[in-house]
Every structure is written in structure tokens, then in C-alpha cells.
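Student: Could you walk me through this model and show how each label follows from its value?
Tutor: Gladly; let's have it in front of us.

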Amino acid sequence: MLPLVVYAGLVLANSKLTGNALMFWLLLAAALGYYLPNFLLRFAIDRRQLEIFEAFPDALDLMTVCVEAGLAMDAALLRVADEIGIKSPILAEELHLVTLELRAGLAKDRALRNLALRTGVEDVDALVAMLIQAERFGTSIADSLRVQSDQLRTRRRQRAEEAAAKIALKLLFPLIFFIFPSLLVVLMGPAFISIYRVLLPSMAGHG
């Protein structure tokens, strides 16, 4: 589709491109049309998953408080969806979809599995499996949520520490190719100028 649009634009612009030049632009448009949507989609998915990953421990804390206050899981999910929307509208939207599916009569385990499938976040998948097991075996949901929240917060901190450890490596190439040459010019430039001014007359006098 994009090559046709480019070709139509060239025709309407009265372009004089022919032969290899025209073929180059059409092939370039075809390549962009093939790879660019996948790249943009992958970028949007990564941003969405990162936001869910960052906000999920706070959502679990809110859910733990709601469950310990006596709310059922359905009501706790609705309450968390309303409160977490201030920080993460995306996570709030996903939790609202879960509550809507539950109101529509979908089984709780199926609605939770749909949440894991939609988000594609490993931590959400782990939480869903934990909630289903807690519901099935009758264990304390609040205790399970607290343990899961601590684990997610630890993973988030480790991820931040890992990103901080990579900063030195990422700064290496800009330092070598951009900052160090500028520093050398600033520091060594006056010395070179002084040497040039001293040596040039002496060399000219000896000559």
C-alpha cells in the first residue's frame, strides 16, 4: 500500500524520477511499510507492559488492604481499579475489564487468565496463578498477595539497579567520541598555540 501512495505522490508532484531511482524509492517505501508497523507495535507493547510492571506492586498493596478489610476479591479488584487509575490508567483499564467479565458471568479463573493473556506481563501471570490456587485450595488470599507484592517490589528494585549498572557502559562511547576530544582541544589547544608561537620564530631565525 505504501509504495502505491509514494508512486501516486511522485506522479502528482510531477517527479522526473525514472528507472533505478524510481525503483529505489518504491523499494524503500515497501521496506518501511513492512517493518515500520511491527516496530511501532512492538514499541507500544513494551511501553504498555513497562507501565503495568511498574504500577503492579502498588496495585497489589491496595488489593491486600482491601482483602484484609473484608472485601471479596471481585469488590477488591473494582476498588483497586478505581484507585490505581491515578497512577496507571492502563492497569486500571485492565482491572476494569476483569470486573466487567465477572459481572457478565464469566468464571473467575477464566477472567483472571484473560487478564494475564492481555497484558503479557510475567508478574501478572504469576499473580493470576497464585490467586487461582488460593481460591481453589482455600488459603489466605491476603497473605499470598503480601508475599507476591514483596517479590514484585524486589524485582522492580533489582531491575532499577541493573539499569543503573549499565549507565557506565552506555556513557563510554559518548565520552570517547564526543566529550574527550572537546576536552583535549580545550586543555591542549592553548599549549599548542604557545608552542607554535615560540618554536616558529626560533625556527625561522635559525633558517
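Here we take the overall make-up, then some helix pairs, and then a few single residues.

Student: Before we start, what kind of model is this, and how many helices and strands does the protein have?
Tutor: It is a predicted model. The protein has 8 helices and 0 strands, so the order of elements from the N terminus is α-α-α-α-α-α-α-α.

Student: What share of the protein counts as buried?
Tutor: Of its 207 residues, 26% count as buried. As for contacts between residues at least 6 apart in sequence, 53% join residues at least 24 apart.

Student: How do you know that the span of helix α7 agrees with what a helix should give?
Tutor: Helix α7 covers residues 141–165, which is 25 residues. At 1.5 Å a residue they should span 36 Å, and the end C-alpha atoms are 36 Å apart, so the two agree.

Student: And how does α5 do on that test, set against the span expected at 1.5 Å a residue?
Tutor: α5 has 12 residues and reaches 17 Å from its first C-alpha to its last, close to the expected 16 Å. Just after α5, G120 takes a positive phi of about 70°.

Student: Which residues of α5 and α7 are buried?
Tutor: In α5 they are A111, L112, N114, L115, A116 and T119. In α7 they are I141, A142, S144, L145, Q148, S149, L152 and R156.

Student: Why do buried positions in a helix so often invite a look at the spacing?
Tutor: An α-helix has 3.6 residues a turn, so residues three or four places apart point the same way.

Student: Now the pairs. Why are α3 and α4 called roughly antiparallel?
Tutor: Helix α3 (residues 73–84) and helix α4 (residues 89–103) pack at an angle of about 150°, with axes 8 Å apart. Angles over 145 degrees count as roughly antiparallel, and α3 and α4 therefore earn that label. Their crossing is left-handed.

Student: Which residues make that contact?
Tutor: From α3 come D74, L77, L78, V80, A81, D82 and I84, and from α4 come L91, A92, L95, H96, V98, T99, L102 and R103. By class, this contact of α3 with α4 has 10 nonpolar, 2 polar and 3 charged residues.

Student: What makes α5 and α6 roughly antiparallel?
Tutor: The axes of helix α5 (residues 108–119) and α6 cross at roughly 170° and come within 9 Å. With the cut-off at over 145 degrees, that makes α5 roughly antiparallel to α6. The residues in contact are K108, D109, L112, R113, L115, A116 and T119 of α5, with V124, D125, V128, L131, I132, E135 and R136 of α6. They divide into 7 nonpolar, 1 polar and 6 charged.

Student: What about α6 and α7: how do you know their relative direction?
Tutor: Their axes come within 10 Å and cross at roughly 165°. Set against the cut-off of over 145 degrees, that makes α6 roughly antiparallel to α7. The crossing is right-handed. The α6 side of the contact is E122, D123, A126, L127, M130, L131, A134 and E135, and the α7 side is I141, S144, L145, Q148, L152 and R155. By class there are 8 nonpolar, 2 polar and 4 charged residues in the contact of α6 with α7.

Student: D123 is in that list. Why does D123 count as buried?
Tutor: D123 has 5% relative accessibility, and buried means under 20%, so D123 counts as buried. D123 is found in helix α6 (residues 122–137). Leaving out residues up to four places away in sequence, D123 touches F53, F56, Q148, L152 and R155.

Student: What makes S149 buried?
Tutor: S149 sits in helix α7. At 1% relative accessibility, with buried meaning under 20%, S149 counts as buried. Not counting residues up to four places away in sequence, S149 touches P57, L60 and D61. S149 and D58 are 91 residues apart in sequence, yet 7.8 Å apart in space, C-alpha to C-alpha.

Student: And why is A59 called buried?
Tutor: A59, found in helix α2 (residues 19–68), has 3% relative accessibility. Buried means under 20%, so A59 counts as buried. Beyond residues up to four places away in sequence, A59 touches V80, I84 and L91. A59 and L91 are 32 residues apart in sequence and 8.6 Å apart in space, C-alpha to C-alpha.

How values were computed:
Residues numbered from 1 in each chain as written. Predicted model: local features only at pLDDT ≥ 70, side-chain atom pairs only at ≥ 80, totals over all residues. Heavy atoms only, no water. Helix = DSSP H or I, 4+ residues; strand = E, 2+ residues; numbered from the N terminus. Expected span 1.5 Å × (residues − 1). Buried < 20%, exposed > 50% of the residue type's maximum accessible area, 1.4 Å probe, protein only. Contact = heavy atoms within 4.5 Å. Axes fitted to C-alpha atoms, helices over the stretch in contact; angles between N-to-C directions. Parallel < 35°, antiparallel > 145°, perpendicular 65-115°, else oblique. Left-handed = near helix turned anticlockwise from the far one by under 90°. Nonpolar A, V, L, I, M, F, W, Y, C, P; charged D, E, K, R; others polar.
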